Every structure is written in structure tokens, then in C-alpha cells.
Amino acid sequence: MTNAQSVSDHWGKGDVYARILEAMKRAGIDPASATIEDLAPVDHFHARGFAATVDLADVLPIQEGDRLVDIGCGIGGPARYLAKRFGCHVDGLDITGPFVEAAERLSTLVGLEDMVTFRHGDGQKLPYKNEAFDGGYAQHVTMNVPDRDGFFAEAVRVLKPGAFFALTEHGLGEVGEPHHPVPWSQDGTGAHLMRPSDTVAALERAGFSDIQVTDTGAKYLQGYRAAIERSEKGEAPVFGVHILLGELAPQIVRNAARNIEENRTHPVQIVCFKSK
């Protein structure tokens, strides 16, 4: 099995859109009048969810009318949020077919199908023309990317000179391998974590500069602990990312917190720019 297949199989089990729709109904959300705010608890499928997307958006120089690329778009929550907030167009790409299908259908559900476009594909081989985008980002994608140099080289290729590129990831900590399962892998299969310093070096090799690294571990740990506390009190929401994480969700969240506490993972947010 290729890495692409293992990653896709890890995430895309069953009818993702149907699972989300059913959970919406159980939570009392009417799909006929759903908004991106209603979808936010589940469709920002990365650490800290919607809050992390907002934090990232707050520091990006996005202008109305820009065209952005979301590499590893998941089910499209960040793309829809950025498109609506900034009045830009976002092209999303994901390796997991059921995620792409769900992203398209959810966008139609909230009336944003003209502002976002989704395709099935590999972030290491982007199906876009050279210098097509004003900016790009990848939220919690690179942990599953074996060829980090190739991934960043493709990002550089499709960005205009001076365009921004942002990523969030769980970097590798200094202690040892993470405890599994974690959100990106049940047993280590398909996982390719790098220390943040090595990620910065790879970005520089690809042609990015003005690289700004923000340690996000404390915020992520706070979010994980809050989720654990809600679960222990029986207050976990009906509509949340556990819909996509599956039955291992409680253990995954506990391990994600433990890995940060033990310095097995080092979460970061990175913003940089393609050289002009």
C-alpha cells in the first residue's frame, strides 16, 4: 500500500457526508438553514478546530478577490470560512475522496459553492498552473507527508512571487515517538513528523523566506484538556470532530494531550513568503 492510500484509508471510511448530516439532525441543526457557524464544530478538522483557523486567518495578509489554495482541505471548513470572511476564492485539494465529496456538498448546503472549489488529489503533485495563487496554507496536513521537500516545492511552484504560505502541524518533539493512536495515525502508519527546525530548513530549501514560527503547544494542550474534561463529565457535544475520528476519539484526544505534555510532539504555526 502506498503512503497516499494509507492516509486516505485512515481518514475516509464510509459516507462522511451522511455521518455529518445525521449528527446535525441529532444536534437539532436543520440542514436546510445551516450556516458555516453551525458546521464549525466539525468541519475545522484539526487541533483546536475553528479557533485555530481564526488564529491563523488573523495573521494572514488576505485581500478581497485573492485566490488561495488549501492543501489538504479536509471537508472544507477553513476554505469556506476564509472565502466568506475575506471575499476571496479558495481552491481546496485533499487526498481523501469522501472528504472532497463532503466538502462539495457542505459548501452547496451553505450556499458557498461559487466561492470554493474542491478537487481530489495529492499535495505532493498539485494539479494547478505555476504562479496561480495569491496565498496558500496547509492545516495539520504535513504530519502525513513523506516527501516534505517535494510538498513545499509544489507549494512554491503554484504561488505567485511574494505570496504567503502558512502551515500548522504537530512537529516532532525531543523525547521520542508519539503515543498512538493520534489524529493522524492509529499506529504510526503514514506518519512523518519532523522537528520544527527541520521544517523551517525544508521551507528555506524550497524558496520560502521571512519564516515566522509560533509555538502553539500550550493552546492545543488547553483545548485537549477541555475536551477530556467535557467527556469525563458526560458533556461531550453531539456535533463535533469525534464524528470523523470514530470510536477511538477519546483515546486519540488523551494521547494528543499526553504527547504535548511529554514533549513527544511540538505543535507550531508557521507563516512564510515565497521570495519575490
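This section describes the sheet, the nonpolar cores, the cysteines and one buried histidine of a predicted model.

The strands of the model assemble into an open sheet with seven members, arranged in the order β3-β2-β1-β4-β5-β7-β6 and paired in a mixed manner. Strands β3 (116-120) and β6 (208-215) form the edges, each being paired on one side only. From one strand to the next, the twist averages 15°. In general, the strands of a sheet pair through backbone hydrogen bonds, in either a parallel or an antiparallel sense. The pairing of β4 (residues 133-139) with β5 (residues 159-172) is parallel and extends over six bridges. Within this pairing, Phe133 has Leu159 of β5 as its bridge partner, and Gly135 stands opposite Phe164 of β5. Strand β5 is largely enclosed by the rest of the structure, because 11 of its 14 residues are buried.

Two helices that pack on the sheet were examined with respect to β3. Helix α5 (residues 77-86) touches β1 (67-71), β2 (89-94), β3 and β4, and its direction makes about 155° with that of β3. Helix α6 (residues 97-109) also packs on the sheet, where it touches β2 and β3; the direction of α6 makes about 160° with that of β3.

Nonpolar side chains tend to be buried together in soluble globular proteins. In the present model, the largest nonpolar core comprises 26 residues, of which Ile71, Phe151, Phe152, Phe165, Leu203 and Phe208 touch the most other members. At least two residues of this core are supplied by each of β1, β4, α7 (148-158), β5, α8 (196-206) and β7 (265-274). Helix α7 provides the largest share, namely five residues. When residues up to four places away in sequence are not counted, Phe208 touches Phe152, Ala155, Val156, Leu159, Phe165, Leu203, Cys272, Phe273 and Lys274. A second core, separate from that one, contains 24 residues, including Leu39, Val42, Ile75 and Leu245.

The search for disulfides, conducted over the whole structure, returned zero. A disulfide is a covalent bond between the sulfur atoms of two cysteines. For Cys88, the closest cysteine sulfur is that of Cys73, at 14 Å, which is too far for a bond. Cys88 counts as buried because its relative accessibility is 4%. The sulfur of Cys272 is likewise too far from its closest cysteine sulfur for a bond, since that atom, in Cys88, lies 18 Å away. Cys272 is also buried, with a relative accessible area of 0%.

The histidine considered here, His46, is located in the loop between α3 (36-43) and α4 (49-58). With a relative accessibility of 12%, His46 falls below the 20% limit and therefore counts as buried. The side chain of His46 is joined to that of Thr53 by a polar contact of 2.9 Å. Beyond its neighbours within four places in sequence, His46 is in contact with Ala52, Thr53, Pro78, Gln139 and His140. Among these partners, Pro78 falls within the residue range of helix α5 (77-86), and Gln139 within that of strand β4 (133-139).

Notes
Residues numbered from 1 in each chain as written. Predicted model: local features only at pLDDT ≥ 70, side-chain atom pairs only at ≥ 80, totals over all residues. Heavy atoms only, no water. Pairing = 2+ DSSP bridges. Helix = DSSP H or I, 4+ residues; strand = E, 2+ residues; numbered from the N terminus. Axes fitted to C-alpha atoms, helices over the stretch in contact; angles between N-to-C directions. Contact = heavy atoms within 4.5 Å. Disulfide = S-S within 2.5 Å. Buried < 20%, exposed > 50% of the residue type's maximum accessible area, 1.4 Å probe, protein only. Core = buried A, V, L, I, M, F, W, Y, C linked by side-chain atoms within 4.5 Å. Polar contact = N/O pair within 3.5 Å; in protein donor to acceptor, adjacent residues only side chain to side chain.
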